[in-house]
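Okay, thanks everyone. I'll keep this short, so have a look at the model on the screen and then I'll talk you through some of it.

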Amino acid sequence: MKKLLILGAGTSGTMMANHLVKKLPKKEWNITIVDQYKTHYYQPGFLFLPFDIYSEEQVKKVGNKFIPKGVNYVQKKIEQIFPEENKVQLEDETLQYDILIVATGCKIAPQETEGMKGENWHKNIFDFYTYEGSLALRNKLRDWKGGKMVVHFTEMPIKCPVAPLEFVFLADSYFTKKGMRDKVDLTYVTPLGGAFTKPKATAALGHLMKEKNISVITDFNIERVDNDKNQIVDYGESTVDYDLLVTVPTNMGDEVIERSGMGDDLNFIPTHKHTLQSMDHENVFVIGDATNVPASKAGSVAHFASETLTDNILLFIDGKPLKEEFDGHANCFIETGKNKALLIDFNYEYEPLEGTFPIAGIGPLRLLKESIFNHWGKLAFRWIYWNMLLKGIPIPMVSRNMSLKGKNIN
Amino acid sequence: MDLNIAGIRLDVTEDGYLTDVSQWNEEIATEIAKTEGIELTDKHWEVIAWIQEQVKNEVALSIRGIKKSGFISIKEFYALFPGGPLKVSTKIAGVPKPKSCI
């Protein structure tokens, strides 16, 4: 019996389990998936939890419910990967493999910034990238009487790079709805050169910050958080005061990658950007947030990658050359507040362009334009995630590679 | 977009970044640096070379990366390229500025 081992049962791992159980002959292949946690979170829901748009139950489910029959599910901590020996050490057993898929994701590392995870963590400094963080922030916002709210992210890459923008737009709506927008001073702080960094997006959306009365501070490279003065300080000695700081800390790959000596200094694994094969070990493949490929870290990217990766695993098994097919395709909804959202569709080569999606000329969704349809799309996506995406069911009319049809390329 | 530096026509983005790194040379870098109010020293050239190497290897540029490289402190990096050091140094080095997806 040959063994295919998947590390991580988050979005990517679960999708790969569902894809491969349909493709690998049961009599020849044993598929095992390992994750230390019982709960599977719908991470896009963490954006809505602080604003009481989603409830706790809507963002989590028991993970093994989504692992298909025919795949062995092991709930244990992964201690170390030994790629030279084709084995993985769990907390109390060792698993050998013929093929390894690493889907261990990435998470926030607030301890990487001095003062961030200090006495004020989850008191007046919050993340919304964890269940605990979003919940603590929700509870804080329910009673918050106003003041200076700073929405910030530390450095790139972060998963879901648009989430800090979405957060500040939703905050503007939330406080407006509560009749207290005039009591809140909203500032968006970014290490990049602008709130929007791509030309088409800047042209289409640049006005949103001013319209919503959100100040923007750019080129801010945070060095430390001063918990006494309640300010963030950058390497150039600029400071930004806050009463409530909502920050996205440094994102890093799981510590098991560091323990195994397989990653870069952010614990992301060097991966071929078109085949998804590890650059260091030919029988190791990497998918989702755990890779170092220059695609966005997003669920949609993992979904598109999973289709190519499934084909490449089969080619690898047959000793055939891998397809250099994955194009970094991402398709993401962006909440802009007041029941509107944008949709962007892009890949390694093309920035988000205006146009219609998925059907050229007809849509019904518009790219890079705010609409209520897009907002409904974002909310409906939760159903699609649990019922289609995780199960490896393809999304109709949305191909793995980005299509230029319906896009304005001028 | 076109830009004229020292009599040479360059392809640039709307905010002045070279879109074709093969058009870059040291004279152009010196002129771009002048527009940023910077006179390039040996240390500047070291940083520029490092940045170009990272971009060639498709490694995303970051303050962390510069700190980890060890050949310059962040305080020094800020002193060499004031006013948003990543933004300024990439413009002079003829590479794209650090970006997000949108």
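I'll go from confidence to chain A, then chain B, and finish on the contact between the two.

So, first off, this is a predicted model. The scores for the whole thing are ipTM 0.93 and pTM 0.96. For chain B, the average pLDDT is 92, and 100% of the residues score at least 70. Where does confidence sit lowest in chain B? That's strand S1 of chain B, residues 2-5, with a mean of 80. At the other end you've got helix H5 of chain B, residues 85-93, which is highest in that chain at 96.

Right, chain A. Find the open sheet: five strands, in the order S11-S18-S12-S13-S14, and the pairing is parallel. On the edges sit strand S11 (125-126) and strand S14 (214-217) of chain A, each pairing on one side only. S14(A) has strand S13 of chain A, residues 184-189, as its partner, parallel, over four bridges. If you want a spot to click on, Tyr188(A) stands opposite Val216(A) in S14(A).

Now put a helix on that sheet. Helix H3 of chain A, residues 163-177, lies across S12, S13, S14 and S18 of chain A. Relative to S12(A), which is residues 147-153, H3(A) runs at about 160°.

Further along chain A there's helix H7, residues 299-317. H7(A) has 19 residues and spans 26 Å from first C-alpha to last, close to the expected 27 Å. Still, there's a bend of about 25° in H7(A), at Ser306(A). After H7(A) comes Gly319(A), with a positive phi, near 70°.

Over to chain B. Helix H1 of chain B, residues 26-35, packs with H5(B): their axes come within 8 Å and cross at roughly 145°. What makes that contact? From H1(B) it's Ala29(B), Ile32(B) and Ala33(B), and from H5(B) it's Lys91(B), Ile92(B) and Ala93(B). By type, that's five nonpolar, no polar and one charged.

Last bit, the contact between the chains. How many residues does each chain put in? Chain A gives 23 residues and chain B gives 19 residues. On the chain B side, helix H3 (63-69) and helix H4 (74-80) of chain B each supply at least two residues. And the make-up of that chain B side is seven nonpolar, four polar and eight charged.

That's me done, happy to rotate the view for anyone.

Notes:
Residues numbered from 1 in each chain as written. Chains lettered and ligands numbered in written order. Predicted model: local features only at pLDDT ≥ 70, side-chain atom pairs only at ≥ 80, totals over all residues. Expected span 1.5 Å × (residues − 1). Bend = angle between axes of the 7 residues up to and from the residue. Contact = placed C-beta atoms within 7 Å. Nonpolar A, V, L, I, M, F, W, Y, C, P; charged D, E, K, R; others polar. Pairing = 2+ DSSP bridges. Axes fitted to C-alpha atoms, helices over the stretch in contact; angles between N-to-C directions. pLDDT = per-residue confidence, 0-100.
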